[in-house]
Every structure is written in C-alpha cells, then in structure tokens.
Amino acid sequence: MPGIGLFRLIYASRSRIGGEAAALASILAEARANTAVAGITGVLLHSPDGFAQVLEGSLAAVGATFERIQNDPRHGEVAVLEAGPADARLFAGRTMAAVDGTAASDLARPVAADPAALLALLHRLLAASSPAGGR
Amino acid sequence: MGTDPATADAMPTAEPADEAASLLAALEGPALLLEADGSLGLVTAEAARLLALEDDPPAGLGLPELLDRARLAPAARAAFDRLATPSGPDEARLTDAEGAAFAVRRVALPHRRLALLLRPEVEAPAVCPLARPDPLTGLADRTGFRAALTARLADSADQGLGLLMLDIDRFRIVNDTLGPQIGDRLLATLAARLRRALRGSDLAARLDGDEFAVVVADTSDPPELEGLARRLMDVLGRPYLIHGQPVTVGLSAGIARAPQDGRDADTLVRRAAMALHAAKAAGRGRCAAFTPEMQSRSETRRRMETDLRRAFALRQFALHYQPQVDVTCARLLGFEALLRWRHPALGPVSPALFVPLAEEIGLIAPIGAWVLMTACREAMRWPEPLFVGVNVSALQFEQGDLLAAVGEALRHSGLPAHRLEIEVTESALLTNPETTLATLGRLREQGVRIAMDDFGTGYSSLTRLQSFPFDKIKIDRSFVSGGRGVAEGRAIVRAITGLGTSLGMRTIAEGVETLEQLDAVRDEGCREVQGYLFGRPAPAEELDAVIARFAPSQRMPPCPESACSA
C-alpha cells in the first residue's frame, strides 16, 4: 500500500553481546513488540557479529524507534545505510521478522555493507526462513 | 526466529503516526508491555533494573511470575496485580524492597494490550537543585550545575566524584550547513541520550552551546570514569535521524576527579575543561583525563597570553624584511615583511607559536593593522618601484576590517597601492571563501597586488587559482629545499610555474638557500626567488645596504623591461 509519508531506514551495527542466546532472544522480543506497537514493518538480521535492520513506517514512528535503538548499549558502530521517503513497504504484512544471518552473511564489517546488497540478502534470507512460503 | 508464528502477525490496524510515536515515547524508560492474554510482551532494560530482576525475563512469562522474581515490598506486589486488571485503578505509588519510591501508571494500547509505565519518584529539589533548567534540553544550566556540583562536593568527601565534560566536534559546521533548527534538534536529542545513558544519581548539564557536563556520583576511579566517557562518546556519537535526515557528530571528552584534581566546583570545572581542550588538541574524538602537566602548560599559555597583550601595548614587535629578487637580471623587486617578537625573558618567539595565540585571543586584527601601517611607512623610504609584501591571517578577513586597515596604512604612509602586496594563504581562502575573495577583489581594484602564499601545501587546489586573479604565486619552500624529494620538488615547481604562466600570474620560489636550488628553480622556469641565498630577513635599518648591493651594476646584463616589470 503506498503510504503517505512512508519512510524507510536501514542501518547496520556491530553486536556487543557476542552470540549470547538469551540476550539475543530479548533483543528480538523487544524489537517485535516495539515495532508492532508503532506500526513498523521490516526485518532484523542478526549474527554473532552484528545486526542489520530495515524499519519502515511513518517518519515519526521510524524516527522514535531508531532513536530508541540508538540508545541501546547492546550494539554499537551504527551506520545508517539508507534513510528516506519510500513509495511502498518492502516488507508489507510482516511485523519485525527476525532472520539469522550467521551462515549467510558477513556482518563482521557491517559499516562497509552496501544497502542494495544487504536488502537483497535480507529478502533472500527471509524467503529461505519461511519454508514453502508457510508462516 | 523467522519461522516463529509470532513474526507472521497481521499488521496492527493503522495508527495515526503521532499516536504510534507517543506510544513509543510512553514506552521509553522503565515499562512493561502486557499482551491481551496477560503474558509479558516486553520488559525494558530500565524496568528490569528498577525491579531488580536478576536476569532478562524470558518472553511470554506471566506478570505474577515476573513479580515473583522482582524484589518488591509485599504491598507493592498486590498493588501491581490490581493495576494489571483493566477495571482497577490506573495509577499507584509503590516502593521497592529498598524503600525507594516509584509510580506505576497503566496505559491501554490497541488490541487489548496494556503498558505499565514505571517512573522513579523525582528527587526533592533540595537534593538536586535544577532551579533553571536549560530550555532546549531540559538539563541543568551552568548556574544550576555549579550549585549542584558544589552541594555534591560538600556531601561526597569520602567516595569522591568524577566530572566529565563533553563537547561536539565541529558543531558549528552542523549549524552552518544544516541550519540552527537541525542543530537545536540535535542538541535536544543528544541531551536525551545523555540522560538515558546515566544513572539516576549522576547529574547532566548543558554548560554552553554544544558543551555538556556530567557529575558522576560516588567514584573517582580513573578507569571507571574513562569507561563511562567512552560509553557516552559512543552512544552520543551514533547517527541521529533529524527531520528524516541522518546526522552524525563526533565528541571529545575531558575528565577531572574530586578530590584529587580539585575540591571546589570552579577548580574542577576548569580542570575538566583543560582536559577537554587537550583531547581536542590531540585530534578530537578523544577522551583525556586531567594531568598536572596540563595545568603547567595552561599556565605557560596564560602567561604568554598576558605577555603578548603587553608586547602589543608596548609595541615590542618588530618587522624584518627579506628581499625578493628577479634572478634573470639579479634585480631587487621588493621585500616581504616578517613579524618578529622578542620576549623580554624568553628571547625571540617563533611566529608559529604566537600568531595562533594572537588569533585565538582576538589580537590578530590590531597586530595585523600595526604590521600594515609599519610596513607601508618603511616601504616609503625605499626607492621606486620596490614593493613590500605583507602577510594577512584568515581571521583578519573575519574579525578585522582589512579593507579599512589597508586604506589607512596607504593613506598615512603615502605609499602607492601598487607597491603593497598582500599575501594570503590557501587556508584563508578556505575558511570563508566568499568574504575573503570579495575583500581581495576590492583591494585589487584599488591597485593593491595579491599573492597566494605557501602554494602547494595544505588543501592545494588548482581550481583555487582560477577563483581569483592573483598577481603572484609563492611556491612553498618545501618544494625548493628537496624536503619532499628533489625530483618531485622540481616537477612541482615546473608545474606551478607553467600554470602561473598560462594564467598570467608571476611565480616566486621561496626558501632558496643554495646555488644548486637556484639553478634548479631557474631551470624549471621560475624567475623570482626569495631565500637566504639572496638575503636573510633583516631589520629596517639594515635595508639600505641590501638595496645598495642590488643597485644596477655594469657587470650585470641589462634587464629587459618586459622581463622585470611587474
């Protein structure tokens, strides 16, 4: 649905929790709860090295969510890869989906990531993580 | 996680953007989110801390189980349970096991979810005097900060405390390029991050512009303070999204400790500022703790500052003059005036030391005006058509009225404008190109000649030469001395000379000290030189001898008019 005032932001960051499962689980749960409340769709890619996330929603919601994320000590070296108005949601119908990119991606140097390549990777991983398109 | 059914939730019904944002704002800080079935959807890290939970509670836990894990007074526990019931009261004031008070407020969310917002009770103003918070950031202002720091120093005799001072590197550029509205928004958001990153017992303040301070309670342990400073520099230095635009800034930090570095607020603030200054001088993006050497360096500087002011008042400066020569016919063209300061106790002080200091303390414009006046008056004693070259600092374009100073010097001395040459460096052109070029243009209209000084160093750009019709390019001495490699140096001299010729600008090689260097620059097409080979900078009273030495002699070939006319 072409959203009026739809805004998309993509960032990558380095993890400060290593591969710690419990810490990761709570990050994912918080991400889902926070973005659902704010009407934000997107995807969160994680690996022991880092995170990459697509946030899409109203500018106010994306801005507030991003600012909350920036305050989080569990990651650092945040790089904004893309920020701007968007025509349509790329991840419409999905609340913040989490994708384990440990095997597939190199998030060791997230700052160097290329937004287009990252987006393609996110889509590929998202498709692979939903077997037979099943939810 | 991707296959978790929860990720495939349908989109929540569209909420107005503002409502979503306010919900998020509501969930800032300590908060619990309860799903429609009563299970916990979210426990923020701040809430976990406030409830003294040992570790992060697993998602999906029920509220009663969560409260079992929390350290709460029994009465508080019951009140909590009532709050979770939609029909019950929507606000309660509770105490935790330690007796600290906090308020809990229930907010209904769409989809029958509930948020419980936990807010620690604000300390009484007497403990934390924030009489006049800074309106932009809500932090304490300088006055409130000083009062609070003084009060805390009185209370914290045993454990000591730390003082961090932070400022944004090159904040002015943000303001200048993105506008003050974005700048203000950035300051406010940065301040909110600062507040969130601190413990309740720490105190943050905005001292001035982009300068912030933090009183760190109960510790003067250097590694701990440095760790905190680095953490703050990290979080505050992460990108901001301001009006949809990503903005990133760097920060520098200075640390002072009580009682080690000072026992009163003013001393401590001064020393933290000194450390901050040192961090910035070391290259920004750094953190430095105060050391006694900083104190002595700063005292030396302050003394030097006083001495410099006195030197100017008493005109303890002198100008020395170095000849510039046309080497095709060994003809003297003029002199560059060079500022000298002989300190009564320290002897000669390098301009590289005192000129930046003069710039910093706002003394460069008056000194520059004195230099212009003195140089023009001196040049009037020289035979026609010898000229005098005068260096001007970038700041003279900003702080002083250079046009007026030049006009005054010419009028008072009677020196024709074409015998004055103003030397500007490339960095002066970089600081404020429009104003600088406009001023230079006005000077040139009056007949004053303009030379580009130290060309080839710094941010050299050939396009800069096209931005203004310079009369002369001065090739930096480093290309002549071979300091950058003899072959490379020669190639650059050749390139600049060629460029000068095609742009109709004369070129002069600086720092020519030996015959080999003279031959080299001459071979590369450079006709004018300046350097020890033709004369060191000398005081005015010795110039008659220099001028006589260059007087036309029978031994030299006649100088072709076209080659030497400027």
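## A walk from a pocket to the aromatic rings

In this predicted model, start with the second largest pocket, whose lining takes at least three residues from each of two parts of chain B: domain 2 (142–290) and domain 3 (302–552). Colour those two ranges separately before you zoom in.

Now look at the pocket itself. The volume of the second largest pocket is about 1000 Å³. Its lining counts 19 residues, and those closest to the centre are B:Arg170, B:Arg172, B:Arg284, B:Glu360 and B:Leu395. Show these five as sticks to mark the middle of the site. By class, the lining of this pocket is made up of nine charged, eight nonpolar and two polar residues.

Next, switch to a cartoon view of chain B and pick out the helices around the second largest pocket. At least two lining residues come from each of H6 (171–178), H9 (265–281), H11 (351–360), H13 (394–398) and H15 (426–431).

Keep helix H11 of chain B on screen, as it leads to the next stop. Select B:Phe354 in this helix together with B:Trp341, which sits in strand S14 (residues 331–343) of chain B, 13 residues apart. How are the rings of B:Trp341 and B:Phe354 arranged? They form an edge-to-face pair, with 5.5 Å from centre to centre and 85° between the planes. Both B:Trp341 and B:Phe354 are buried. Add B:Phe312, B:Phe317 and B:Trp370 to the selection, and you have a cluster of five residues linked by ring pairs, B:Trp341 and B:Phe354 included.

Over all chains, the model has nine aromatic pairs. Another of them joins B:Tyr321 and B:Trp382: the ring centres are 5.4 Å apart and the planes stand at 90°, so this pair is edge-to-face. Trace the backbone between the two and you will cover 61 residues, from B:Tyr321 in strand S13 (residues 317–326) to B:Trp382 in the loop between helix H12 (364–379) and strand S16 (387–391) of chain B. Are these two residues buried or exposed? B:Tyr321 and B:Trp382 are both buried.

Two arginines of chain B are worth a click as well. Select B:Arg449 with B:Phe387: the arginine lies over the face of the ring, 4.5 Å from the ring centre. Then try B:Arg536 with B:Tyr532, where the charged end is placed over the ring at 4.0 Å from its centre.

Finish with chain A. It contains five strands and three helices, and following the sequence you will meet them in the order β-α-β-β-α-β-β-α. Colour chain A by accessibility: of its 135 residues, 60% count as buried.

Definitions and conventions. Residues numbered from 1 in each chain as written. Chains lettered and ligands numbered in written order. Predicted model: local features only at pLDDT ≥ 70, side-chain atom pairs only at ≥ 80, totals over all residues. Heavy atoms only, no water. 1 Å grid on protein atoms, 1.4 Å probe; cavity = no way out; pocket = protein on both sides within 12 Å on 5 of 7 lines; lining within 4 Å. Points joined across faces, edges and corners; volume = space filled by probe spheres on them. Helix = DSSP H or I, 4+ residues; strand = E, 2+ residues; numbered from the N terminus. Nonpolar A, V, L, I, M, F, W, Y, C, P; charged D, E, K, R; others polar. Domains from an automatic or database assignment. Phe/Tyr/Trp six-rings, centres within 6.5 Å; stacked < 30°, edge-to-face > 60°. Buried < 20%, exposed > 50% of the residue type's maximum accessible area, 1.4 Å probe, protein only. Lys NZ or Arg CZ within 6 Å of the ring centre and 35° of its normal.
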